[in-house]
Every structure is written in C-alpha cells, then in structure tokens.
Amino acid sequence: MLWTVTVWRAPSAFRTPKARALWVAFASVTAAMTLRRPEVLHTLDDAVGIHNFGTLIKQLLGAVGAGAVLDFVIVISRPEAERRIRPRHFLALASMAAMTVAFACIDRPAEVDDLFDATAGTFWATVYYAVFQIYLGVAMGVAGYLFLGSARHAAQRWLRVSLRILGAGTVMGIVYSVVRVGYLVLRLTGLTGASTIHLADTATNFSRSTAIGLILIGSSFPAVGLAWRQVQDYRALRALRPLWEALTAAAPGLVLKTSLLRSPRMRLHRVMIEIRDAGLALAPYATSGLRERARKAAEDAGHTGPGLEAAAEALWLRVASEAKASGTAPSGAHAHPAEQGGLDLEGEVAFLTTVAEVYHSPAADTFIRTCQEPA
C-alpha cells in the first residue's frame, strides 16, 4: 500500500514544495518499512559488510519521513516559511548525527534479525533508540498541533476531515514514541518481564501501523474530495447544458469561439457566465409587465423562496428567447436583471439548475401559450 501511494505521488513531487514534502515523507517511510523485511535487511548488510547497517538506514529514513511530514504541515499552514531553514532542520540533522554515533558504539558482534530486541537494555542502544524516538515524538507533536489547528480554519468540509485524520495519525505517532521510550527505560533498569515485552510489542505495532494508515488516508482524502467535486461539476454541467444551448441559440454572439477547457470546474464557470450573459442580452425582450406575470405564475406553481426567483426568471427567459427567435423587436424597456443566485459557486449552480428545470417544464409551455393569447 505504501509503495502504491509513493509511486502514485511521484509525478507531483516536482510541482510544489507541499507535494514534494509529502512525497519525501511517503518515500522515506516506504523504504524504512521495506527494510523491516529480514531478507531485505540482511541483503543490504551483506553488501555493505556492517552488521545491522540496514537498521541504521531504516531509522534515519524514519527521521527523514517525520521531518518531511512536519515540513508538509508547515508549508500548508505557514507558507511564508517554506523556503527558510528553520531550527527543525538543524534538530533533525543533529538527531541523525547523534544516532549514527550511538549506532557505531553499540556492540554488534553478529548479524541479528531484530537489533532492538537484541540490544535493548544496553547504554548505547538506549541512547540510539531514545534519540530517534524523542525526535519522532517532537516532530509528530508539532505536526499534530498544526494539523488540528489548521482543521479549525479550513473552509471545505473534506479538507477539515483530511487535516483531522492527519492530526490523528500524528497523535498515534506520539503514542508510538512514548511507548517505545517507556519500554527502553524499563529495559535499561531491568524491570521488564515476558508479559511486559509482549504488551510493548503489541502496543508499538498497533500504534505504528495506525499512525501510518491514518496519515495515508488523511493525505489521500483531498484527492477523493477533488474527485467528488469533479463528479458534482459534471452533474451540474449536464443539468445546465440544455439551458445553455437554448439561450445561446437565441444569443449566439456571446459564445466564446475557443474550445472548452478540460477542467470541469472551469467549464462550469464558463457555461454559467454565458448563461448569465445571454440573460442580459434577452432582458430587452422582457417588459416589467412580463416579469410580474412570470413571478405570479411561479407563485401559482408553488415555488417559494430562492426557487421563486429562479422559476420566475426561467419563465420570462423562455418567453424572451421565443420572442427574439420569432423576430419580435425588443421592447426597449431595459429592466434590471434578476438577482444573482448566490454569492458562492454552489448557490449560483443551485439557482441556475432551478432555472434550467423550469425553463423546459410544462409550466413554461403553458406560460408561453398564456402570453401569446390575445389580451
């Protein structure tokens, strides 16, 4: 799963500092977790000729991953600091240097499958693992604080959920570090037994896997939110297409000649703008009296609230477009355009969707016949 996400995000690593930091985090953690496989670990050790050298590389990669997660959240919450060298970078380098020195001092007479279990309780091994776990805990603590703080100010719901999941993942990272450090202290003091070792292993495996899983889910959630938004944009485009075709047929000069953009959000913006422009072009064909009759007809049809304004606009637009198509001269009475559907995109989409529904409804057909009847 980690390799899948790492490969999937590789193209984005060269686009923005935010994407690059997130990719480095996943690539580092993926490589570190791969080195937990004994066959991979021993192959590296044999190639280098240093007992359990892969364990050092695994821990260093873990430190790089934790630092990259911290860089990622700082870039999205404090973008002005993205290009500055901060104390966190010096702390990461100092921690990695201290780990390397402590690792060199650990007595490693032979290759072992699990260096942690084989050496826990010795001084230099305790220093080595404690430096890593303390750095990891500090990095996860700062990242969690920033993730959860940013979630309170996020505008979109999917972004708030994503940041909270990421925050929960970093909290589990803190739990992992605390359990590891506590276990190291107990081993150093000789206060551990078989049950303690089993409990510590269970807690560390659970907290580590949960932390990685939550960070995976949280970082992928925006892609799900973007995909869902694109689905909604496509649905809105399909709903507005008949209205756009009808109004731009009556006012063809308003349609841009350039091809529609690939982004569904940009295409939706363009369609809505051209619908509104067509409404302005058709406004001279709708007298104040026609607008009043359209509003009364919309009320009689049961429309209320914002739906009433949209339905009334649909009715007079239908009559105005028919009048222009039949060659009727404009009335010359330039009435004010109808109120906009909303201050945000969602409100405007909802307004125009109602206009589109009513424009091609039987109620609009009836309203046209009523307007065409002799007074």
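Biologist: How far apart, N to O, are the side chains of Arg 295 and Glu 299 where they meet in a salt bridge?
Modeller: This is a predicted model. Both Arg 295 and Glu 299 belong to helix α11 (residues 288-300), four residues apart, about one turn of the helix. A salt bridge needs a side-chain nitrogen of Lys or Arg within 4 Å of a carboxyl oxygen of Asp or Glu. For Arg 295 and Glu 299 the N to O distance is 3.9 Å.

Biologist: Is Glu 299 buried or exposed, or in between?
Modeller: Buried means under 20% relative accessible area and exposed over 50%. Glu 299 is at 40% relative accessibility, so Glu 299 counts as partly exposed.
Its partner Arg 295 has a relative accessible area of 33%, so Arg 295 is also described as partly exposed. For Glu 299, then, the class is partly exposed.

Biologist: Which residues are joined into one network by salt bridges that share partners?
Modeller: The structure holds 12 salt bridges. Those that share partners link three residues into one network: Arg 276, Glu 313 and Glu 348.

Biologist: Are Arg 270 and Glu 274 buried or exposed?
Modeller: The side chains of Arg 270 and Glu 274 form a salt bridge at 3.2 Å, N to O. They are four residues apart in helix α10 (residues 264-282), so about one helical turn separates them. Both Arg 270 and Glu 274 are buried.

Biologist: With which residue does Glu 245 form a salt bridge?
Modeller: Glu 245 counts as partly exposed because its relative accessibility is 41%. The partner lies four residues away in helix α9 (residues 194-250), so the separation is about one helical turn. With the closest N and O atoms 3.4 Å apart, the partner of Glu 245 is Arg 241.

Biologist: How far apart are the end C-alpha atoms of helix α13 (residues 345-359)?
Modeller: Of the 15 residues in α13, 11 are buried; Phe 351 and Tyr 359 are among them. At 1.5 Å a residue, the helix should span 21 Å, and the model agrees because the end C-alpha atoms of α13 are separated by 21 Å.

Biologist: Which residue that is not a glycine has a positive phi of about 55 degrees?
Modeller: Most residues other than glycine have a negative phi. The residue in question lies in the loop between α3 (38-48) and α4 (53-77). It counts as buried because its relative accessibility is 0%. The residue is Asn 52.

Biologist: Which helix gives the largest share of the nonpolar patch?
Modeller: The patch consists of Leu 91, Ile 134, Val 138 and Val 142, with about 320 Å² of accessible area together. Ile 134 counts as partly exposed because its relative accessibility is 49%. Three residues of the patch, the largest share, come from helix α7.

Notes:
Residues numbered from 1 in each chain as written. Predicted model: local features only at pLDDT ≥ 70, side-chain atom pairs only at ≥ 80, totals over all residues. Heavy atoms only, no water. Patch = residues over 30% accessible without salt bridge, like charges linked within 9 Å, V, L, I, M, F, W, Y side chains within 5 Å. Areas by Shrake-Rupley, 256 points an atom, 1.4 Å probe, with all protein chains shown as cover. Helix = DSSP H or I, 4+ residues; strand = E, 2+ residues; numbered from the N terminus. Buried < 20%, exposed > 50% of the residue type's maximum accessible area, 1.4 Å probe, protein only. Expected span 1.5 Å × (residues − 1).
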